[in-house]
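Here's a quick briefing to read alongside the structure. It goes through the open and enclosed spaces, then some helix packing.

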Amino acid sequence: MMALTEQQREETWMMVEKFAGFGFCKAHAATYADISYRMAYLKTHHPAEFLAAMCSAGAGFYHVSAYVEEAKRWGIEVRLPSVNHSRMEYTAEAGEGGKRALRVGLMQVKGLRMETIMAILRAREEAGEFQSLEDFLRRVPVECDEVQALIKCGAFDDVSDEAHAMTRPELLWRWSVLHADKSAQARGSVPMGAGQAFLPVVFSAEDKDGQTRMSVPQYTLEQKLRYEREILEVCVSGHPLDFLPRNGEAWSDELPRLRGKRVTLCGWVVTYRHVGTKNYRNMMFVTLEDQRGVYEVVLFPDAYDRYGGLVFETRTMRVTGRVERDGQIKGEKLEALKK
């Protein structure tokens with residue numbers, strides 16, 4: 001057997017080292033193939049259930065907001081969290097026209113404690129759906145900031161019938177009066193959700209039957225999206241880019257026919273990852289989306305040095321670059337649209 005030269009040994013080791021970065025044993029590869037087949041089947045035949053499981057598990061490469069936007073693009077109705085209909089996790093439920101809808105779980109509400117979520121589910125199981133904000137407060141021990149978050153993100157939108165429904169600002173006003181009433185403060189030893197004694201006189205049965213309320217218009221769609229971004233970190237009522245100005249930018253679904261051309265797109269940053277070059281410089285792969293799809297921008301070292309910092313400052317930006325053969329965009333310039 002002929003001995004290898006030093007150069008041959010070095011080249012052989014480099015090939016083994018390179019293969020180790022992506023090579024799997026047969027058992028490992030077979031397992032991944034089986035999982036891939038099962039996921040492809042569920043994604044094809046039960047897309048709402050598939051996405052509900054992905055969002056609940058925090059699985060996948062992207063943030064949960066990317067899967068919510070994907071559900072919209074697939075024609076799946078996405079519904080806000082609800083104190084009357086949501087479970088802790090994301091769920092699939094009956095939608096319009098026999099289709100399935102995706103319901104955001106209470107787990108997505110920022111600042112909502114696990115104890116509160118379990119109390120909501122338990123109260124609903126024991127005595128049915130909540131009929132009003134007061135009914136909710138009687139039955140569920142809850143903190144002030146939790147109530148405000150639930151109201152602002154729309155979790156009380158389907159509480160009470162249509163004739164007695166209140167806008168979110170009206171619900172916040174009613175909650176502030178309930179919380180600040182001196183008679184309720186005088187009974188400070190009685191915790192929230194501890195029974196009828198919690199409710200102040202200002203909203204007695206007589207006043208409630210007489211429809212005493214502060215008339216405040218509903219949030220605009222832009223305000224709803226802002227609160228959904230802050231509290232849920234997902235936008236259910238629209239897309240984060242809906243209210244940003246466009247000036248003839250291309251759409252992500254147009255990229256396949258624009259290969260080799262210089263384009264400008266608007267984008268919402270989904271995720272990013274750093275890569276080091278052999279010359280010890282930094283580059284970055286940035287995944288963005290618009291209302292029509294997801295695309296990837298690669299910032300090579302020179303572009304990264306100039307614009308990479310924007311990715312940490314804002315999620316809404318205008319991207320200029322050249323579309324490569326593989327569909328990636330070689331980034332040349334990033335501009336912040338709105339912080």
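**Pockets and helix packing**

Eleven residues line the second largest pocket, and Glu222, Arg226, Arg229, Pro240 and Lys338 are the ones that lie nearest its centre. Bear in mind that this is a predicted model. Besides that pocket, the structure has one cavity of 30 Å³ or more, and there are two helix pairs to look at, helix 2 with helix 3 and helix 3 with helix 4.

**The second largest pocket**

- Its volume comes to about 220 Å³.
- Helix 11 (residues 221-231) gives the largest share of the lining, with four residues.
- Sorted by class, the lining of this pocket has five charged, four nonpolar and two polar residues.

**The largest cavity**

- There's about 40 Å³ of space inside the largest cavity.
- Leu241, Leu244, Arg246, Cys266, Gln291 and Leu337 make up the lining of the largest cavity.
- Four of those lining residues are nonpolar, one is polar and one is charged.

**Helix 2 against helix 3**

- The axes of helix 2 (residues 26-45) and helix 3 are 5 Å apart, and the two helices pack at an angle of about 125°.
- That angle makes helix 2 oblique to helix 3.
- On the helix 2 side, the contact uses Met39, Leu42, Lys43, Thr44 and His45.
- Helix 3 meets them with Pro47, Phe50 and Met54.
- By class, the contact of helix 2 with helix 3 counts five nonpolar residues, two polar ones and one charged one.

**Helix 3 against helix 4**

- Helix 3 (residues 47-57) and helix 4 (residues 64-73) have axes that come within 9 Å and cross at roughly 165°.
- The cut-off for roughly antiparallel is an angle over 145 degrees, so helix 3 and helix 4 count as roughly antiparallel to each other.
- The crossing of helix 3 past helix 4 is left-handed.
- From helix 3, the residues in this contact are Leu51, Met54 and Cys55.
- Their partners in helix 4 are Val64, Tyr67, Val68 and Ala71.
- What classes do the residues of the contact of helix 3 with helix 4 divide into? Seven are nonpolar, with no polar and no charged residues.

**A residue to look for**

- Met54 in helix 3 turns up in the contact with helix 2 and in the contact with helix 4.

Key:
Residues are numbered from 1 along each chain as its sequence is written. This is a predicted model: local features need pLDDT of at least 70, side-chain atom pairs count only at pLDDT 80 or more; totals for chains, interfaces and linings use all residues. Side-chain values use heavy atoms; hydrogens and water are left out. On a 1 Å grid over the protein atoms alone, a cavity is a set of points where a 1.4 Å probe fits but cannot get out, and a pocket is an open set with protein on both sides within 12 Å along at least five of seven lines; lining residues have an atom within 4 Å of a point. Grid points are joined across faces, edges and corners, and a volume is the space filled by probe spheres set on the points. Ala, Val, Leu, Ile, Met, Phe, Trp, Tyr, Cys and Pro count as nonpolar, Asp, Glu, Lys and Arg as charged, and the others, Gly among them, as polar. Axes are lines fitted to C-alpha atoms, for helices over the stretch in contact, and angles run from 0 to 180 degrees between N-to-C directions. Angles under 35 degrees count as roughly parallel, over 145 as roughly antiparallel, 65 to 115 as roughly perpendicular and the rest as oblique. A crossing is left-handed if the near helix is turned anticlockwise from the far one by less than a right angle, and right-handed if clockwise. Contact means heavy atoms within 4.5 Å.
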